[in-house]
Amino acid sequence: MILAVLKEKAGENRVSLVPEVVKQLVQQQVEVWVEAGAGAGAYYTDEAYLEAGAVLKPRADMLRQADLLLSIRPPDQEDWAQAGAGKIWTGVYQPLYHPGLMRQWADRQFTVFSLDTVPRTTRAQSMDVLSSQANIAGYKAVLLAAYTYSRYFPMFMTAAGSIPPAKVLILGAGVAGLQAIATARRLGAVVEVFDTRPAVKEEVMSLGARFVEVDGAADASAAGGYAVEQSAEYQRKQEAKIAESAAKADIIITTAQIPGKPAPVLISQEAIAKMKKGSVIIDLAAATGGNTALTKNAETVEHDGVTIIGDSDLAGKAPADASKLYARNVLNFLKLIISKEGQLQLNFEDDIVKGACIVHGGAIVNDRVKQLQP
Ligand code: NAD
């Protein structure tokens, strides 16, 4: 079979496969086509892909002739309109937020695997792109905050006087939040954390941070490890407690998300007005609306001396390692749908293949996406 790696659109520096992963696929009898310059944004050269056994091909040939097309972000309409029926697309297509596009792809008779919907199970961990990328985003968020902040992170006692440690508040202790805690602690900050899932309390504490509890969170045990929407009463209590912590914080990193829903607004404009001048908020939930009332996606907002950076794309700001980990996730997934002889074998009895499949046989096959209105 022929597998094609498309060059991403402007603004996305990552690439679906890196040369070392191409090499493994080629050894597995897969023919790998790469668009010229596909890896340039992540510092993987065309020569490195050629050495790994890939063939450089024009995009139009890939769209028409390859069996499986890899892109991290959804391709533009002009691309997918050129691709023939039966093509398999694999990437991160956020189908819960793009049901209309999924409908159109079903009409084109594509098979679509969206790696952000693989189940969060132990067996699927090596294919979990949300985790590999969120881990980088959490790390980068702290570095971006440290760079933007006008003071030190660690405590210093010097002959010229003492500097207290920065106070970091982290909202949401999922994969990104936990990495942000670890990174902020390594830089010497004092860290406080909120999450609606009490299950994360121990992990937070083991990283040396304080977990602030708010009673009465909705039971999320049936949500596969994810958060669920909270009652108005809980939201009111939580917002008040977060505002108290925010007023003392120097840095806030927000990561709270509810899959398929807008991000919860956890910090009001009034709470921001009470924050210290010079404090910095990094909002990783910006793309789904943001965790603060003033977040603007992909923008930096200055409000009353507080800098609010809305950036859900921080993994892409470490494109070399982000691509390396992403490519490993893709390889592990491809091993489930490509035989040792390099032939396509779709086994929908496999819970990971089934979970990642959004569109197949001219229809949307994912139950959650099916229920959404385009
Ligand atoms: P996410 O990006 O969907 O959300 C980030 C965090 O925000 C979550 O911890 C969530 O509880 C929290 N949150 C949501 N609403 C909130 C609110 N109102 N206030 C405060 N916090 C709020 O989450 P994620 O990082 O993708 O991880 C989700 C879960 O999946 C975690 O339990 C994680 O450990 C688990 N997971 C399991 C596996 C596996 O077993 N293979 C792999 C990855 C993640």
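Student: In this predicted model, is Asp79 buried, exposed or partly exposed?
Tutor: Asp79 has its place in helix α4, which covers residues 77-80. A residue counts as buried with 20 or more other C-beta atoms within 10 Å and as exposed with 12 or fewer. Because Asp79 has 17 other C-beta atoms within 10 Å, the class for this residue is partly exposed.

Student: What distance separates the C-alpha atoms of Asp79 and Leu144?
Tutor: Along the chain, Asp79 and Leu144 are 65 residues apart. In space, the separation between their C-alpha atoms is 34 Å.

Student: Where is Asp128 found, and is this residue buried or exposed?
Tutor: Asp128 is found in the loop between β6 (111-114) and α6. The threshold for burial is 20 or more other C-beta atoms within 10 Å. Since Asp128 has 22 of them within that distance, this loop residue is buried.

Student: Which residues are in contact with Asp128, if its neighbours within four places in sequence are left aside?
Tutor: Asp128 is 28 Å from Gln65, C-alpha to C-alpha, with their positions 63 residues apart in sequence, and Gln65 is not the place to look for a partner. With the neighbours within four places set aside, the contacts of Asp128 are Val118, Arg120 and Asn329.Student: At what angle do helices α6 and α7 pack, and which hand does their crossing have?
Tutor: Helix α6 spans residues 129-148 and helix α7 spans residues 175-186, and their axes lie 7 Å apart. The two helices pack at an angle of about 35°, and the crossing in which α6 passes α7 is right-handed.

Student: How many residues of the contact of α6 with α7 are nonpolar, polar and charged?
Tutor: On the α6 side the contact includes Leu130, Ala134 and Val142, and on the α7 side Val175, Leu178 and Ala180 are among the residues. Ser131 and Asn135 of α6 take part as well, as do Gln179 and Thr183 of α7. The residues of this contact divide into 11 nonpolar, six polar and no charged.

Student: Which members of the largest nonpolar core touch the most other members?
Tutor: The core holds 118 residues, and at least three of its residues come from each of domain 1 (2-127 + 319-371) and domain 2 (134-317). Val168, for example, is in contact with Ala184, Ala189, Val191, Ala249, Ile251 and Ile253, leaving aside its neighbours within four places in sequence. The members that touch the most others are Val5, Val168, Ile170, Ile181 and Ile253.

Student: How far apart are the C-alpha centres of domain 1 and domain 2?
Tutor: The protein is divided into domain 1 (2-127 + 319-371) and domain 2 (134-317). Where they meet, nine residues of domain 1 are in contact with seven residues of domain 2. The C-alpha centres of these domains lie apart by 32 Å.

Student: Which helix gives the largest share of the side of domain 1 that touches domain 2?
Tutor: The side of domain 1 that touches domain 2 divides into three nonpolar, one polar and five charged residues. Its largest share, three residues, comes from residues 319-337, which form helix α11.

Student: What is the value of phi near which Gln29 lies, and is this residue exposed or partly exposed?
Tutor: Gln29 lies in the loop between α1 (19-27) and β2 (31-34). Because 13 other C-beta atoms lie within 10 Å, Gln29 is partly exposed. Its phi is positive, in a residue other than glycine, with a value near 70°.

Student: Is Asp304 buried or exposed?
Tutor: Asp304 has its place in the loop between β14 (300-303) and β15 (306-310), and its phi, near 55°, is positive in a residue other than glycine. Because Asp304 has 11 C-beta neighbours inside 10 Å, this residue counts as exposed.

Note on methods. Residues numbered from 1 in each chain as written. Predicted model: local features only at pLDDT ≥ 70, side-chain atom pairs only at ≥ 80, totals over all residues. Axes fitted to C-alpha atoms, helices over the stretch in contact; angles between N-to-C directions. Helix = DSSP H or I, 4+ residues; strand = E, 2+ residues; numbered from the N terminus. Left-handed = near helix turned anticlockwise from the far one by under 90°. Contact = placed C-beta atoms within 7 Å. Nonpolar A, V, L, I, M, F, W, Y, C, P; charged D, E, K, R; others polar. Core = buried A, V, L, I, M, F, W, Y, C linked by C-beta atoms within 7 Å. Domains from an automatic or database assignment.
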